[in-house]
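Please work through the exercises below with the sequence and the model at hand. Each task is followed by a solution in steps.

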Amino acid sequence: MESLYELIKQAEQAKTVGELRVCHDELARRLRLALQWERLEPLSHIVSDAHDVLMKRAFQLAEEETLRAAVGIRPRKWCWYVMGSLGRREPTIWTDQDHGILFECGEHAETECYEFVRHVAAIGTNYLYEIGYPYCPGYVMATNKRWGQSLHDWENQSKAYIRDRLPNDIRFLFIAIDMRPIYGDSQLVIDSRKALFDWIHREPQLLRQMGEHVMFPAVPLGWFNNVQTERWGTYSGSIHMKHSGYVQIVNSLKWLSCFANISAATTLERWREITNQALLPFPLAKEAKDALSVYYYVRLKYATEAGADRDYVLWRALEANEQKWLKKAMRTAKRLQQFVARQAGGK
């Protein structure tokens, strides 16, 4: 693992986007050599740290380029944040871009600050793509006005989601819950995430609807523990690693965090606090943590190449012990969904 630490240092000193791309490619190669189940926890921290360094350096370069171009006014406070698996500190190697920008400035300077933010967002997003981070297919990136906003506009937008509670509003809230600062004024994002959790926590009807959201998609496991793989098309015989139980566990823990007003950004931090507060029966809490490790290991092992199909894994390509682990993890995901359904329904 020493070679991975050396690579992180190399990325910190990178002067160009091209050098960062080399580091990203090398990260994939070295991880394939180092990946072992027994090393999973320290490796997961290293992989997340490596992504943080690569993205932070890209954002620094984007800021420098924007300042040279003298576009707009740099806000007095601003922060680039990440969401999704990056925000939760559980990314694979070729993870999508999921990020946004939050800023605060004087009322009379907001127009010029937006010019700066939109310019730096465009450059930073393109830099990340060049480094090897695919564009987010759902456009959850700072170039989207929804995710690149002043604090005032972000608060108004978030409160509108909470008030209106449309299906997309619920989905956006689940996305925003993961926001974690990566470059800039971190406290701006930390405080905003804490406020978001507090607003959600005080809305019982919203919590019920978010609990219903956790029920989907269904875990692809039949009554007799038969894994329901894709039946037709390019991915016939495969399972989608995110939808096979992983996202269901992650969203269940998100919901419990909202229910108890636990404003942590990462899944591990949420799990610890949920366990400390006994919000889950301890055996189920332990199984949830074990299941997350299984999903992360398999995703790291089989999703080391870039491409749109990296989330699919051919079931018969898995080793026998991996199939056994995944079946158990799927059962845990279903139990968590059922637990949240009971809690959200007040039963």
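The exercises that follow treat cysteines, strands, enclosed and open spaces, and backbone geometry.

The model is predicted, so local features need pLDDT of at least 70 and side-chain atom pairs count only at pLDDT 80 or more, while totals for chains, interfaces and linings use all residues. Residues are numbered from 1 along each chain as its sequence is written, and side-chain values use heavy atoms, with hydrogens and water left out.

**Exercise 1. Cysteines**

Task: Determine how many disulfides the model contains, and examine Cys-79 and Cys-113.

Solution.
1. A disulfide is defined here as a pair of cysteine sulfur atoms within 2.5 Å.
2. For Cys-79, the closest cysteine sulfur belongs to Cys-113 and lies 15 Å away, which is too far for a bond.
3. For Cys-113, the nearest cysteine sulfur is that of Cys-105, at 3.2 Å, and Cys-113 is in no disulfide.
4. The count is therefore zero disulfides under this rule.
5. Accessibility is classed as buried under 20% relative accessible area, exposed over 50% and partly exposed in between, using a 1.4 Å probe and protein chains only. Cys-79 is buried, at 0%, and Cys-113 is buried, at 1%.

**Exercise 2. Strand E2 and its partners**

Task: Establish which strands pair with E2 and in which sense, parallel or antiparallel.

Solution.
1. Helices (H or I, at least four residues) and strands (E, at least two) are DSSP runs numbered from the N terminus. Two strands pair if DSSP finds at least two bridges between them.
2. Strand E1 (residues 77–82) pairs with E2 in the antiparallel sense over six bridges. Within this pairing, Trp-78 has Phe-103 of E2 as its bridge partner.
3. Strand E3 (residues 148–150) runs parallel to E2, and three bridges join them. Here Phe-103 stands opposite Ser-150.
4. Between E2 and E3 the chain passes through helix H5 (residues 110–131) in a right-handed β-α-β crossover. Right-handed means that, with the strands pointing away from the viewer, the path from the first strand over the helix to the second runs clockwise.
5. As for burial, five of the six residues of E2 (residues 99–104) are buried.

**Exercise 3. The enclosed space**

Task: Count the cavities of 30 Å³ or more and describe the lining of the largest cavity.

Solution.
1. On a 1 Å grid over the protein atoms alone, a cavity is a set of points where a 1.4 Å probe fits but cannot get out; a pocket is an open set with protein on both sides within 12 Å along at least five of seven lines; lining residues have an atom within 4 Å of a point. Grid points are joined across faces, edges and corners, and a volume is the space filled by probe spheres set on the points.
2. One cavity reaches 30 Å³ or more, and the largest cavity holds about 40 Å³.
3. Its lining consists of Leu-7, Ile-8, Ala-11, Cys-23, Leu-27, Ala-50, Val-53 and Leu-54. Helices H1 (2–12), H2 (17–34) and H3 (40–69) each supply at least two of the lining residues.
4. Ala, Val, Leu, Ile, Met, Phe, Trp, Tyr, Cys and Pro count as nonpolar, Asp, Glu, Lys and Arg as charged, and the others, Gly among them, as polar. The lining of this cavity has eight nonpolar, no polar and no charged residues.

**Exercise 4. The open spaces**

Task: Describe the volume and lining of the largest pocket and of the second largest pocket.

Solution.
1. The largest pocket has a volume of about 910 Å³. It is lined by 35 residues, of which Gly-84, Asp-96, Asp-98, Cys-136 and Lys-242 are the closest to its centre.
2. H10 gives the most to this lining, with seven residues. By class, the lining of the largest pocket has 16 nonpolar, nine polar and ten charged residues.
3. The second largest pocket holds about 730 Å³. Among its 29 lining residues, Leu-40, Leu-268, Lys-289, Leu-292 and Ser-293 are the closest to the centre.
4. H12 provides the largest share of the lining of the second largest pocket, eight residues. That lining has eleven nonpolar, seven polar and eleven charged residues.

**Exercise 5. Backbone geometry**

Task: Locate the cis peptide bond at Pro-217 and the positive phi values of Ala-70 and Asn-261.

Solution.
1. The bond from Phe-216 to Pro-217 is cis, with omega near -5°. Pro-217 is in the loop between helix H9 (204–214) and strand E5 (238–240).
2. Ala-70, which is not a glycine, has a positive phi of about 55°. Ala-70 lies in the loop between H3 and E1 and is exposed, at 64% relative accessibility.
3. Asn-261 has a positive phi near 60°. Asn-261 lies in the loop between H10 and H11 and is partly exposed, at 29% relative accessibility.
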